[in-house]
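Got the viewer open and a selection tool ready? Let's take a walk through this one, stop by stop.

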Amino acid sequence: MELKIYKKLIKLMFAIALLLLTISSTQAQEIDLLLKGGHVIDPKNNINTKMDVAIVAGKIFKVAVDIPANTSKKTVNVSGLYVTPGFIDIHGHVFHGTEPDNYLSNGLEALPPDGFTFRSGVTTIVDAGGAGWKNFDIFKKNVIDVSQTRVLSFINIVGEGMRDVVAYEQNTTDMDAKLTSIVANKYKSLIVGVKIAHYIGHDWSPTDKAVQAGTIANIPVMVDFGKANPPLPIEDLFMKHLRPGDIFTHVYRYDREFGPNGKMIEHKQAIVDINTKKVKPFVFEARKRGIIFDVGHGGGSFMWNQAIPAMQQGFAPDVLSSDLHTGSMNGGFKDMTNLASKFLNIGMALTEVIAASTWKPATVIKRPELGNLSEGMEADIAVFNLRTGDFGFSDANGIAISGKQKLEAELTIRRGKIVWDLNAISSAPMPGQ
C-alpha cells in the first residue's frame, strides 16, 4: 500500500514539474514586450504599486510583480516611471481635411490624430462632433480607417457636422434625431455619442433633438452649451433636458462679459459664481443626478477663475479632455500631459488624474474594454515621467500659475507596439557608449 502511494506521489510531482516547465517555456516564447520595474496605476483594477507588465500578440498578457526578464523577447526598463493605460481623450477634433472654410468637418482647423496623440500618452481620441450623419462615411474613410490612433466619434446632430458655426451649426432643419441614430447604430463600434455645439438660439430644440438621438441609439450626448443668446439656464439643462450619463463639456469655461462701467459681470453659463467664487449649488445636484463634467480645454474654454475655486470646493472634473484643434495646440492647452499637470498642481492626486484620463472616460463612452490593463485587453499603454521643479501653466485667457509637478510621456504603446519613445529608452544603445 505504501509503495503504491509513493509511486502516485512520484507521478504527481513529475506532472507538476512538467507543467511548470511547460508554463516557463510558454512564457519564454510568448512575451513580446516586458515593461519592467515601473509603478503601475490601473484604476479599474485598483493597482497602484510597482509591478511589471507583459505583452503578447498586442494584448496584455500579465501584470505582476517581478516577471523574469529572460521570459521576454524585449524588455524595457521603466524603473522610476509610471505605467498606466493609454489616455482616452474624449473631446478632440481630428476630422482633418483640405476643404476650404470647412472648420472642423473635413477642414484645415481639425488635426490628423497620429501627430498629436501618442506624444502625450493618448491612444484613443474621440472626435467631438466634426462629422454628422451626412458626412460620417468620409470621416471614417479618410481618418478613422487610416489612423494608428484609435479614433471614435460623437456624431453631430447637425447633418453637415461642424462645417461653420453660422452657416451650418444654426440650421435646425439639418438636425435630425432619426437619421443621426440610424448612422450611430450602423457604426456602433465607432460612434460613442451625439454632439450638439455652438447653438446661439434661445430655444431647447437642438438639445432635445440630440438627446432624442442619444436615447434611440442608447449612447450619451455631449453638449457645448456656451453660446445661447440670451443665455439659457444651465440648471434647466442639467435638471430638465439632459439624462444621467450625458456630458457637459467646457466645464471650466468663463466667457467674459462686461457691464457699462467696464466691470466683469456674472456669466450665466458658468459653474462658479464670479462674484462669490462659489460653485453654484445646483451644479453639485447635477453631479448627483449623473451629469458628467468634462474639461474640454481648447483654445478658449479653460479658465483658472473657474477651475481653481471649483477644485478648492471639491468639484473636480469627471473627465480630462483636450478640445484639440489648430486653435488650441500651441496655446494654453498644448497637450494632454500639460492638462493633466495643471490638475496635479491645483489639487488632484496623480491616481485621480490617471483615472479621469483612462478608466472614467472609458465608462462614460461605454467602452469597458478600454482604459485598463486587464489581462487579455488590447495593449494600449502610456509610461510617464513625473518631473519636479519650477513650471508654469497658462489658462485659455493667458493667465499663468506656477507649479512644482509636470507629467511627460516617455513611452506610448498602441496594440502592443511602441509608437512614441521620448528618450529612446526602448532602443538599443550605440556600440561603444
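**Stop one: around H7**

Start at Gly-314, which comes after helix H7 and has a positive phi, near 85 degrees. Helices here are DSSP runs of H or I with at least four residues, strands are runs of E with at least two, and both are numbered from the N terminus. You're looking at a predicted model, where local features need pLDDT of at least 70 and side-chain atom pairs count only at pLDDT 80 or more, while totals for chains, interfaces and linings use all residues. Numbering runs from 1 along each chain as its sequence is written, and side-chain values use heavy atoms, with hydrogens and water left out.

Now select H7 itself, residues 304-312: Trp-304, Gln-306, Ala-307, Pro-309, Ala-310 and Met-311 are buried (under 20% relative accessible area with a 1.4 Å probe, protein chains only; exposed is over 50%, partly exposed in between). Show H8, strand E18 (381-394) and strand E19 (400-414) too, since they are among the elements covering those buried residues.

**Stop two: the cores**

Next, pick Phe-238, Phe-248, Tyr-252, Ile-271 and Phe-343, the residues with the most contacts inside the largest nonpolar core, which has 82 residues. Such a core is a set of buried Ala, Val, Leu, Ile, Met, Phe, Trp, Tyr and Cys residues joined through side-chain atoms within 4.5 Å. Helix H8 (residues 336-345) gives this core its largest share, five residues. Another core, of 19 residues, lies apart from it; Ile-60, Leu-81, Ala-379 and Val-383 are among its members.

Zoom in on Ile-271. Leaving out residues up to four places away in sequence, its contacts (heavy atoms within 4.5 Å) include Phe-248, Tyr-252, Gln-306 and Ala-310. Those last two take you back to H7, where both are buried.

**Stop three: backbone oddities**

Which peptide bond is cis? Select Asn-229 and Pro-230: the bond from one to the other has omega near 0 degrees. Pro-230 sits in the loop between strand E13 (221-224) and helix H5 (234-241).

Then try His-198, in the loop between strand E12 (191-197) and helix H4 (205-217). Its phi is positive, near 65 degrees, though His-198 is no glycine. His-198 counts as buried because its relative accessibility is 10%.

Last pick: Lys-334, in the loop between H7 and H8. Lys-334 isn't a glycine either, yet has a positive phi of about 75 degrees. Is Lys-334 buried, exposed or partly exposed? With a relative accessible area of 42%, Lys-334 is partly exposed.
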